[in-house]
Amino acid sequence: MPAARATWAAMISAHLNRFKRYPPGAEGVTGRPSVRFSLDGSGRVTSASLIRSSGSSALDEEAVATVRRASPFPAPPDGRGASFSVPVNFTHR
């Protein structure tokens, strides 16, 4: 099952990126806040918090909001929840 969990972790990252939005009012700002979040056995977010600031409160808030907006995530293959710590990279287009 380790391969299935690794594949699932990659799916989590891809799913999260689909919900990322550049926050209004932060034009020209780039940053990489990191968030920690936990999922239950069905892929729902049970907690989400900022663990490293980007230096921009708008980007930091949006990183946590992205996790919450992306819920539910793909369910884990073994039905066991998990926690993730990930950077959310914001580059202004």
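Which side chain does the side chain of R44 make a polar contact with? In this predicted model, the partner is the side chain of S42, at 3.3 Å. That's a handy way into the structure, so let's start with the loop and work inwards.

R44 sits in the loop between strand 1 and strand 2. With a relative accessible area of 49%, R44 counts as partly exposed, because the exposed class begins over 50%. Leaving aside neighbours within four places in sequence, R44 is in contact with S38, L39, S71 and P72. Two of those deserve a second look: S71 and P72 are joined by a cis peptide bond, with omega at about 5°. P72 itself belongs to the loop between helix 2 and strand 3. As for F19, 25 residues away from R44 along the chain, its C-alpha is 15 Å from that of R44.

Now stay in the loop and look at D40, which also lies between strand 1 (34–39) and strand 2 (45–52). Is D40 buried or exposed? Its relative accessibility is 18%, so D40 counts as buried, the cut-off being under 20%. A polar atom of the D40 side chain lies 2.9 Å from the backbone nitrogen of S42. So S42 turns up twice here: its backbone nitrogen lies by D40, and its side chain makes the polar contact with R44. Not counting residues up to four places away in sequence, D40 touches T46, P76 and G81. G43 adds a backbone detail: in this hairpin, with 5 residues between the strands, G43 takes a positive phi near 95°.

On to the strands that the loop connects. Strand 1 and strand 2 run antiparallel and are joined by 6 bridges. Strand 1 also pairs with strand 3, again in the antiparallel sense and over 6 bridges. V35 is a good place to see both pairings, since V35 stands opposite L50 in strand 2 and opposite V86 in strand 3. Strand 3 has two faces: A82, F84 and V86 make up the covered one, while S83, S85 and P87 are on the uncovered one.

Next, helix 1. Spanning residues 2–18, helix 1 has 17 residues and reaches 25 Å from first C-alpha to last, close to the 24 Å expected. Its buried residues are R5, W8, I12, H15 and L16. Looking down the helix axis, those buried residues fall within an arc of 95°, so they line one face. The spacing makes sense: an α-helix has 3.6 residues a turn, so residues three or four places apart point the same way. A3, A6 and R18, on the other side of helix 1, are exposed. And what covers the buried residues? The cover includes strand 1, helix 2 (57–70) and strand 3 (82–87).

That brings us to the largest nonpolar core, which has 19 residues. Those with the most contacts inside it are L16, V35, F37, L39, V67, F73 and F84. Helix 1, strand 1, strand 2, helix 2 and strand 3 each give two or more residues to this core, with helix 2 giving the most, 5 residues. L39 ties much of the tour together: not counting residues up to four places away in sequence, its contacts include W8 and I12, along with F73, A82 and F84. R44 is another of the residues L39 touches, which takes us back to the loop where we began.

How values were computed: Residues are numbered from 1 along each chain as its sequence is written. This is a predicted model: local features need pLDDT of at least 70, side-chain atom pairs count only at pLDDT 80 or more; totals for chains, interfaces and linings use all residues. Side-chain values use heavy atoms; hydrogens and water are left out. Helices (H or I, at least four residues) and strands (E, at least two) are DSSP runs, numbered from the N terminus. Buried means under 20% relative accessible area, exposed over 50%, partly exposed in between (1.4 Å probe, protein chains only). A polar contact is a pair of N or O atoms within 3.5 Å; within protein, one must be able to donate a hydrogen and the other to accept it, and residues adjacent in sequence count only if both atoms are side-chain atoms. Contact means heavy atoms within 4.5 Å. The expected span of a helix is 1.5 Å times one less than its number of residues. The arc is that of the directions from the helix axis to the C-beta atoms. A nonpolar core is a set of buried Ala, Val, Leu, Ile, Met, Phe, Trp, Tyr and Cys residues joined through side-chain atoms within 4.5 Å. Two strands pair if DSSP finds at least two bridges between them.
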